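Biologist: I should like to go through the reasoning behind the labels given to this model. Please set each value against its criterion.

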Amino acid sequence: MAYRLSSKDIWALGFMTFALFVGAGNIIFPPMVGLQAGENVWISATGFLLTAVGMPVITVIALAKVGGGIEALSAPIGKTAGLILATVCYLAVGPLFATPRTATVSFEVGMASLTGTGDLPLFIYSVIYFALVVLISLYPGKLLDSVGHILAPIKIVALAILGIAAVLWPAGGPVPAIETYRETPFSNGFVNGYLTMDTLAAMVFGIVIVNAVRSRGVAASSLLTRYAMWAGVIAGLGLTLVYLSLFKLGEGSGTLVPTADNGAAILHAYVQSIFGNYGSFFLAVLIFVACMVTAVGLTCACSEFFSRYLPLSYRTLVLILGTFSMLVSNMGLSHLIKFSLPVLTAIYPPCIVLILLSFTTRWWHNCTRILAPAMSVSLLFGVLDAIKVSEYLTHLLPEWAKHLPLSDQGLAWLLPTLLTMVVCAIYDRIVGGVKLPKYEVQPEEK
């Protein structure tokens, strides 16, 4: 008998996927884009949605087709290279950067105004925060119940309240777009979208989503793919609505906070203006739940991944990763961002190339001929972009690299990668050969 998900479970799966994606960064970036883009806000929003919604949804579908594992997706570039890529992605959006950042962001946005910003309050908060993360993550089989049926609805209701308020009650009027958004609004929105890290997170969450379906007894690969696609579509629609409302919030807060340094300041000012003294408490709860859900998903995914390659059990890894993330979070948000931005800038381009080309494997005689060179070139130029945005390595950037096409927009990797793909595609047609078989879910993954 083939087990199938009920309509209720499909919606819960979609809500869980949506909740896993929406962390504090997703709530903070759009208002800032809305404020700075001014009259060009919707052009910028289009670029932002392509990378902050379109790419994550496509990633979920691509991973579902191969059983939810990033290693299977990267099979054409070789087992070793694929494992290195997977490890870097899991570490980047796991214990090194993203998971600790959920604690620091939720503390600084929601709690610091009540406790102060000292080292001791952050340490106490991080201990309590990651104790809860570990407790929930220890039972991944109940993730659909704990996140999909409980935490996700709370998060969605809070975001709905904020989004509806932003549309119905703007706190002020727009201000003129800053220079970068006057000149290149679309590409600036595009880059801000992929800096939300949602595509990297999707590569990590794919296995979490598939395992949540399997926990309900679903084993057929076709059903796993179908349900993951539904989850991606539901999550994508939810993300789009959230982002559009937050763009509107930022645009409508121009005269309220015209010189805000970040999205958190805009949210603080708006919520306080509309909801009064209860605004700070409301925002603290929203950010806390948003970050908690994301941290749980990341911890589950990383523990699941590393348990396959290390002589440690899943539960042991949950405890280790939770403790390590807690310690890293005490570096503070500003230091985490300084260290994480160059790494993310470097690894994001090859991940985008891998995901998009995974849908074209049937086009080529040997997809490795296209995928491996394209990813290598995108990584090379991504590293140049990373050096450029690094506070400590900028002096190492070659002079010629500063004048590359689209370099000033953080997209120096795009044109060289496209050129490499075209050249390799022509070579593949000329040389010919045997097509690689279609990806299948491996028996041990079922």
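Biologist: Which residues form one aromatic cluster?

Modeller: In this predicted model, the cluster consists of Phe107, Tyr125, Tyr129, Phe130 and Phe288.

Biologist: How many aromatic pairs does the rule yield, and what makes the pair of tyrosine 129 and phenylalanine 130 edge-to-face?

Modeller: The count is 14 aromatic pairs. For tyrosine 129 and phenylalanine 130, the ring centres lie 5.1 Å apart and the planes stand at 80°. Rings pair when their centres are within 6.5 Å, and planes over 60 degrees apart count as edge-to-face; therefore this pair is edge-to-face.

Biologist: Why is tyrosine 129 called buried?

Modeller: Its relative accessibility is 1%, and the cut-off for buried is under 20%, so tyrosine 129 counts as buried. Phenylalanine 130 has a relative accessible area of 2%, so this residue is buried as well.

Biologist: Which residues touch the most other members of the largest nonpolar core?

Modeller: Among them are Tyr129, Tyr90 and Leu200, in a core of 148 residues. Helix α14 (residues 279-306) supplies the largest share of this core, 17 residues.

Biologist: What does leucine 200 touch, not counting residues up to four places away in sequence?

Modeller: Leucine 200 touches Cys89, Val93, Leu344, Ile347, Tyr348 and Cys351.

Biologist: Where in the chain is helix confidence lowest, and where highest?

Modeller: Helix α8 (residues 143-168) is lowest, with a mean of 75, and helix α15 (residues 314-329) is highest, at 93. Residues 435-446 have pLDDT below 50, yet this stretch has 27 contacts in the model beyond near neighbours in sequence. The chain has a mean pLDDT of 81, with 93% of its residues at 70 or more.

Note on methods. Residues numbered from 1 in each chain as written. Predicted model: local features only at pLDDT ≥ 70, side-chain atom pairs only at ≥ 80, totals over all residues. Heavy atoms only, no water. Phe/Tyr/Trp six-rings, centres within 6.5 Å; stacked < 30°, edge-to-face > 60°. Buried < 20%, exposed > 50% of the residue type's maximum accessible area, 1.4 Å probe, protein only. Core = buried A, V, L, I, M, F, W, Y, C linked by side-chain atoms within 4.5 Å. Helix = DSSP H or I, 4+ residues; strand = E, 2+ residues; numbered from the N terminus. Contact = heavy atoms within 4.5 Å. pLDDT = per-residue confidence, 0-100.
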